[in-house]
Amino acid sequence: MRVYEINDHIKKYSFGEVFQTDTVVIKGKEIKEQPLEFLKKTLNNQFLYILDDEDIVYGLGENVRGINKRGWIYESFCTDEFSHLPNKKSLYGAHNFLIVYGKETFGIFLDYPGRAIFDVDYSKRNELKITTEDDNLDIYIIKGKNLNNIVQNFRNLIGESYVPPKWAFGYQQCRWSYKNEEEVEEVLDNFKANNIPIDCIYLDIDYMEDFKDFTVNKKNFPNFKSFIEKMKKKGVRLIPIIDAGVKIEEGYDVYEEGIKNKYFCVDENNNPFVAAVWPGVVHFPDFLNKDARLWFGKKYKYLIDQGIEGFWNDMNEPAIFYSKKGLEKAFKKIEEAKGKNLGIYDFFDIKDTFPRLANSMEDYRSFYHNVDGTLVRHDKVHNLYGYNMTRAASEGFDYIDDNKRFLLFSRASMIGMHRYGGIWTGDNTSSFEHLELNMKMMPSLNMCGFMYIGADTAGFGDNTTDDLAIRWSQFSIFTPLFRNHSALGTRRQEPYAFDGKATEIIKNSIEIRYALIPYIYSEFMKATINNDMYFKPMTFEYNDSFVNRIEDQLIVGDSIMIAPIYKQNAKGRYIYLPEEMLLWKAKKYHSEEFEIINKGHSYIDVAIDEIPIFIRKDKILVLEKPAENIDSMKNNEINIVAFLDKESEYKLYDDDGKSKDYKKGKYNEINIKVINKNNDIEVKIDVKGNTSINKINVTAITLDGKRILKEVILN
C-alpha cells in the first residue's frame, strides 16, 4: 500500500497496479505509509467499516432506494437497466462516493473502473463492506468540518462540474420518435397554440439514416440545415441523439475511418469486436484510446455545422443487444432442445436464452481497449466507457469552439464524467414510484459532482396518467434538466396531450419554472463554482435529530425547501419543519398565496394545481416574468419574496449564458439585503458588474405575517 497526502482533509491509499481513470485532478504527494483510516482491509479486495445504529450513509449517486443507503447491496457497474425496481443493484451510473454520517463523519471514494460492490448494512447488521473484483484501486478518505464541507473537499478533488448554456434550463420535449420535419413542427405548433413555453425538441434515433451516427435521414429531413435555422427562429433548438455503436457498412465514412485507423475495440484475436444494437451489427469506438476519442469527438462537427448546439449520448454502457458468438450459442441451444421432453428447469433455461443475450458478462469479457499500446479487457474498465464517450464529445467541442457552451448529457457515467456533461437518469417508467426515486437521486448525484441532472419527466416507458404528468412536472420545475420523454407506443404525454384542465395545470407549472429561472440559474452556477450542492438533504442544512429521518423534503439552492407530492390521488402530505418557513402554494407564477408554517410537524393540503414551495427564514426567492423561451426573457425586472425575521440577504448571479467566460470571473452579481425596520423595511442593493435589471419589486413577509411592499429602481 502506498499513501498520499492530497491536503489536510484528504488522503489516498493506493493498492496494486492502479489503472489511471483521470477521475481526480489533484495528485498529492507520497508520504510515509500509515494505517488506512476508518476502514479495515479484511481480504485482498475487501474493506470493512462498522456502522453505529444511528449512522446514515449518503451517496452512491444514481441508484435505487432512498437517500440513506443502509439496508441494501449496490453494485457500481454501468447497466442498461430499464426496470428500476428496488431489487436492482445497479443502474446506468457508477458513482463510488459515499459519506458516513454519525458516530464518525467522513467520506469514502473508490477510484476504480471495474465492478465494485457496496454492501451497506444488508448481509450483516451494522457492516459497511466494500468489495472489488481485484486489488488494484485507490481509496480516498475525505474529512471536513461538516457534511457540506466534506462534499466540497471531494468536489475539489475531482474537478469543476460541467455547465450547459443558459437556454438548456428551459423546458425540453422529447419522444421516441419524432420521425420527420412535419412531426417536429406539429409538436412546436401545439406548444404555441397552447401558449406553453419551450426551448428544445429532441430527435431520437429515427432522424438518422439507418441508425448511423452523424448522418441525417434525407427523406424525413430533406433540408436539415435550413430546418434547424427555421426552428431556431421560432425559439426552439433541436437536440439529436448520438449512440455508441457504429454500424458496420462499407462506404459509411465513420466505419471506414474507424477500421483504417484501428479506432474500434477489438476481440481476443485483435479484430474489431462485433456486437449488435439499433443498426444491427456494430463496432464500438475505443473511447479509452485518446486518438480514437478525439477522432469521434470531431465527428460532432458535421451536425454542429448545420446549426446543432446540443446532444444527448445514449446506449453507452455500452448496451449490447447480442454478439455474434452469443447468438450462435443461443441458436445451438434451441436446436438441441428440439424434440426433447423439457422439464421445468430445462424449459426456463430455454425460455431465458434470448433475454440473456443482452448485456452479457461473457460479451463484456470478450473485447479489449488499446490504452497507450496495451490491451485492457473491457470488463476491468467497464465503467469508463460512457464517461469517455462524453469526454470525447466535450473534447471535440473544445476543438470546434473552445469558449462556447454546448448542451451535452449522457445515460452512462462514472465520476469524472461530471466535468464533461450532465446526465439524465435513464429509461424509467411512468409510475409514482419512479417519481419518488427521481427525487431521492438528486442530492446523491450532486454529491458526486453531477449538477446538470434530471429524469424523463412523466416516465419513459408505460402509459402515464394525467395526475402523474402533473405531479412529476411540478417536481421537475426544480431540476436543472427539465425534459419530458416517452417511448414509442406509449400514451402521448406532451403537456397539450391531456384534457384541458391537466394541460392548463402543466402549462402553469412550466411557466413557474420560467419564472424561477433567475433563482435556479443563480443557485446552479454558485453551487458549481463553489463546489457546493444545488439539491441537499435536509440534514446538510439543519442540526435537528428528526431531520435525519426525512428523505422526501429537499433543500434547493440557498433559499427554498420543497416537499413534492409523489403519491397518486394525494391531496396533501405530512411535513416536518426545523424552523418557521413561508409556504407558497404556487398555482401560477404571479399568484401570491403565502402562509407561515410553524416549526414542527404539520399536514398541509395541496390541491392538484398547487406546488408547495417553502421559503426559508431570512432567505429570499427571486422570480421573473416568464416568456415563450429563455432567449425571450427580458431580464430587466425581477420580483423578490423575502421571509423576514431580522435580515434577509441574497446574492443573484448571472452571466452571458453562452460562453465559458464565467471561469475567468466574468459574471454579474446583485447583492440584495432586506432589513426589518419595525413597521417598514430597508432594501440595500449592491451591483457588481453590468446588469440589465433596472427594477426590483420587493414583497417582504415578516414572522408575524405582516406584508410590506417596496419598489426599488436601479440606476
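Two strands count as paired if DSSP finds at least two bridges between them. Keep that in mind as you work through this predicted model.

**Exercise 1. Work out how strand S14 and strand S15 run relative to each other, and where the side chains of S15 point.**

Step 1: Start with the bridges. Strand S14 (residues 171–175) is joined to S15 by 2 bridges. At least two are needed for a pair, so these strands make the cut.

Step 2: Check the direction. S14 and S15 run parallel.

Step 3: Pick out a matched position. Gln173 has Ile201 in S15 as its bridge partner.

Step 4: Look along S15 (residues 200–203). Cys200 and Tyr202 point one way, while Ile201 and Leu203 point the other way. All of them are buried.

**Exercise 2. Put the strands of the open sheet in order and find its edges.**

Step 1: Trace the 5 strands. They come in the order S4-S5-S12-S11-S7, with antiparallel pairing.

Step 2: Find the ends of that order. Strand S4 (40–43) and strand S7 (72–76) have a single partner strand each, so one side of each has no neighbour in the sheet.

Step 3: Add the twist. On average, neighbouring strands of this sheet are turned by 20° against each other, direction ignored.

Step 4: Zoom in on one pair. S11 (residues 116–120) and S12 (residues 127–132) pair in the antiparallel sense, over 5 bridges. Within this pair, Val120 sits opposite Leu128 in S12.

Step 5: Recall what holds such pairs. Strands of a sheet pair through backbone hydrogen bonds, either parallel or antiparallel.

**Exercise 3. Take three salt bridges and sort their residues into buried and partly exposed.**

Step 1: Get the total. There are 59 salt bridges in the structure.

Step 2: Try Lys88 and Glu81. Their closest N and O atoms are 3.8 Å apart. Buried means under 20% relative accessible area. Glu81 has 17%, so Glu81 is buried. Lys88 has 22%, so Lys88 is partly exposed.

Step 3: Move on to Lys166 and Asp654, whose side chains meet at 3.0 Å, N to O. This pair links distant parts of the chain, 488 residues apart. Lys166 is in the loop between helix H1 (147–158) and S14, and Asp654 is in strand S40 (residues 647–654). With 14% relative accessibility, Lys166 is buried, whereas Asp654, at 24%, is partly exposed.

Step 4: Finish with Lys677 and Glu682, which form a salt bridge at 3.4 Å, N to O. Lys677 has a relative accessible area of 44% and is partly exposed. Glu682 is partly exposed too, at 29%.

Step 5: Look beyond single pairs. Asp80, Asp314, Glu317, Arg411 and Asp427 are linked in a salt-bridge network.

**Exercise 4. Describe the nonpolar surface patch and place one of its members.**

Step 1: List the residues. The patch is formed by Leu342, Ile344, Tyr345, Phe347 and Phe348.

Step 2: Note the area. Together they have about 550 Å² of accessible area.

Step 3: Place Phe348. Phe348 belongs to helix H8 (residues 344–351), and with 38% relative accessibility this residue counts as partly exposed.

**Exercise 5. Describe the annotated stretch at residues 534–621.**

Step 1: Read the record. An unreviewed UniProt entry annotates these residues as "domain: Glycosyl hydrolase family 31 C-terminal".

Step 2: Turn to the model. The span is 0% helix and 45% strand.

Step 3: Compare the ends. The end C-alpha atoms of this span lie 15 Å apart.

Conventions. Residues numbered from 1 in each chain as written. Predicted model: local features only at pLDDT ≥ 70, side-chain atom pairs only at ≥ 80, totals over all residues. Heavy atoms only, no water. Helix = DSSP H or I, 4+ residues; strand = E, 2+ residues; numbered from the N terminus. Axes fitted to C-alpha atoms, helices over the stretch in contact; angles between N-to-C directions. Patch = residues over 30% accessible without salt bridge, like charges linked within 9 Å, V, L, I, M, F, W, Y side chains within 5 Å. Areas by Shrake-Rupley, 256 points an atom, 1.4 Å probe, with all protein chains shown as cover. Salt bridge = Lys/Arg side-chain N within 4 Å of Asp/Glu carboxyl O. Buried < 20%, exposed > 50% of the residue type's maximum accessible area, 1.4 Å probe, protein only. UniProt positions renumbered as here; feature names shortened; annotations may be inferred.
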